[in-house]
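Grab a coffee and work through a few short exercises on charged pairs, cysteines and burial. Try each task yourself before reading the solution.

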Amino acid sequence: MMRPWRLLLAVGLLGLCGLATPQAPSTAPANRPGRAYVIDLEGEVNDFTRAMLVKRLETARAGGADTIILKINTWGGSALSALEISQLLKRQDDLHIIAFVEQKAISAGAMIAVACNEIVMQPGSMLGDCAPIVPGMQLQRTERAKAEGPILAEFADSAHRNGYDPLLISSMVNVNRVVYFIESPDGTRRFVGEEDYDKYVRNGDWKPVAGLPNPIVDAESLLTVSADQAAKLGLSKATLSTPADLAQARGLTIVGTLSHSPGEKLIALLSSDAVRGILSLVFVLSLYAAFKAPGTGPPEAIAVASLALLVGVPMLTGYAGWFEIILIVLGIALLATEVFVLPGFGIAGIGGICLILAGLLSTFMPAEPPMPGWLPTLAGTYDALWRGVVVITVALAAALVGGIWLHRHLPQVPVFNKIVLNTVVGSQPEANYAVDVNEPVWPEIGAVGRALTDLRPGGTAAFADEQTSELQTVAVVSDSGFVPANTRIVVREVHGNRIVVRPAETA
């Protein structure tokens with residue numbers, strides 16, 4: 001499924017920041033044999049990975065490359081993004097793409113490696129393990145076939161294009177397939193299942209290939225191989241330490257390396273669980289402050305900025321869309337309705353909290369290929385959901401502790417005390433009229449003005465200037481809750497640019 005707007009958003013973000021990998025000079029010569037670019041593909045596989053890979057392939061092509069060494073080091077990621085990357089690589093007919101497995105190409109990484117024209121592995125690296133499972137659930141035969149269908153089809157296509165044995169490749173995806181590797185007396189080798197194994201080995205002259213497990217993979221496992229095993233199985237063409245060694249062995253000249261730019265590293269940092277937990281904490285606390293003293297500005301600005309990062313970065317990486325944004329916005333709207341319109345705290349407030357939490361948790365879950373049912377079916381999706389639950393729970397616990405601390409101490413903290421009410425609603429006015437006589441203030445304590453807008457409790461009011469007698473508008477905060485527009489108000493407190501008022505009739 002193509003999502004071009006996410007590609008444009010990702011490339012546009014890095015382009016505006018000036019952080020993207022620079023393009024090759026426009027004066028580069030036309031394609032010449034033996035020119036190679038090394039492209040890094042490491043970390044989590046997602047939509048942002050795909051967007052950057054598209055950009056780097058075009059950069060390498062513009063630089064005259066005819067070979068791409070795709071250096072892979074990943075535990076996996078979004079299955080849908082991996083499918084799109086796999087299909088993208090197989091469309092590059094003018095480029096010979098070599099997957100260089102550095103340390104690991106697991107799950108989505110294995111799908112991408114198999115899609116390349118050939119695989120070369122670093123000593124000690126791993127390849128394989130790409131199956132959809134549902135933790136705690138036993139998929140029936142039909143459900144499992146549908147869940148595995150898109151992934152198996154992609155592996156089968158890659159096997160056909162690149163000369164891998166389909167039975168062996170499918171055992172990376174299907175946990176029920178038993179694969180044996182056998183050879184005949186004349187040295188002919190083939191991969192067979194259990195039935196053929198009985199026919200060839202127990203009733204014939206064939207025997208298991210020495211130096212490898214027998215079977216290669218059993219009914220309880222997924223094919224995951226080391227560099228040495230991959231070479232013996234025909235999955236890997238060579239075992240080399242670095243892309244430079246690969247280039248030397250193939251007579252290639254590496255004319256450029258396209259690695260992660262500062263912008264991509266920033267996106268990766270903002271996508272980390274630790275940073276997302278901190279952003280969730282900041283969002284919850286700023287949202288609480290915004291509802292506690294609305295109209296003051298800083299809490300609302302901080303809440304919007306933290307929410308933009310919480311949702312904007314997952315949108316770039318393919319973990320969020322408009323659905324998550326709608327959930328969170330509706331949740332905030334329900335909370336605002338509960339706080340400012342409805343008395344007490346009931347269904348609207350609880351529903352708002354649930355929608356916000358559901359939206360935030362959804363941003364941790366990658367998109368999946370079309371599969372049956374409403375629930376996620378891939379193991380990576382459940383792992384991501386569990387990580388999201390842990391991150392959000394820790395953030396909420398920290399927000400609770402932080403909220404208690406802020407309630408007690410924020411009025412004494414410089415700058416921040418200007419956005420928090422110090423008074424108690426309904427308290428006696430005489431108790432709060434004190435002010436430092438050495439600090440001139442305007443409007444003065446006790447000055448009478450008029451609310452120009454509804455105070456909810458923040459808003460705008462007008463007071464007469466003592467020197468010019470002209471009306472001046474200022475931002476004010478009511479300590480008596482909601483005050484309708486055009487109500488006469490009296491100044492209770494002045495702290496810098498924070499003016500606390502209440503209706504004149506009650507004062």
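Count a salt bridge whenever a side-chain nitrogen of Lys or Arg lies within 4 Å of a carboxyl oxygen of Asp or Glu. Keep in mind that this is a predicted model.

**Exercise 1.** Work out how many salt bridges that rule gives, and find a network among them.

Solution. Applying the rule gives a count of eleven salt bridges. For the network, look at Glu58, Arg61 and Asp94, which salt bridges link together.

**Exercise 2.** Check the pair glutamate 84 and arginine 50: how far apart are the closest N and O atoms, and where does each residue sit?

Solution. Start with the distance: the closest N and O atoms are 3.6 Å apart, so the pair passes the 4 Å cut-off. Next, the location: glutamate 84 belongs to helix α3 (residues 79-90) and arginine 50 to helix α2 (residues 47-62), so this bridge ties together distant parts of the chain, 34 residues apart. Finally, burial: glutamate 84 and arginine 50 are both buried.

**Exercise 3.** Now take glutamate 183 and arginine 189, and decide whether each is buried or partly exposed.

Solution. The two form a salt bridge, with the closest N and O atoms 3.1 Å apart. Buried means under 20% relative accessible area. Glutamate 183 comes in at 14%, so it's buried. Arginine 189 has 44%, so it's partly exposed.

**Exercise 4.** Sort cysteine 116 and cysteine 354 by burial, then give the number of disulfides.

Solution. Cysteine 116 has 0% relative accessibility, so it counts as buried. Cysteine 354, at 46%, counts as partly exposed. As for disulfides, the structure holds zero.

How values were computed: Residues numbered from 1 in each chain as written. Predicted model: local features only at pLDDT ≥ 70, side-chain atom pairs only at ≥ 80, totals over all residues. Heavy atoms only, no water. Disulfide = S-S within 2.5 Å. Buried < 20%, exposed > 50% of the residue type's maximum accessible area, 1.4 Å probe, protein only. Helix = DSSP H or I, 4+ residues; strand = E, 2+ residues; numbered from the N terminus.
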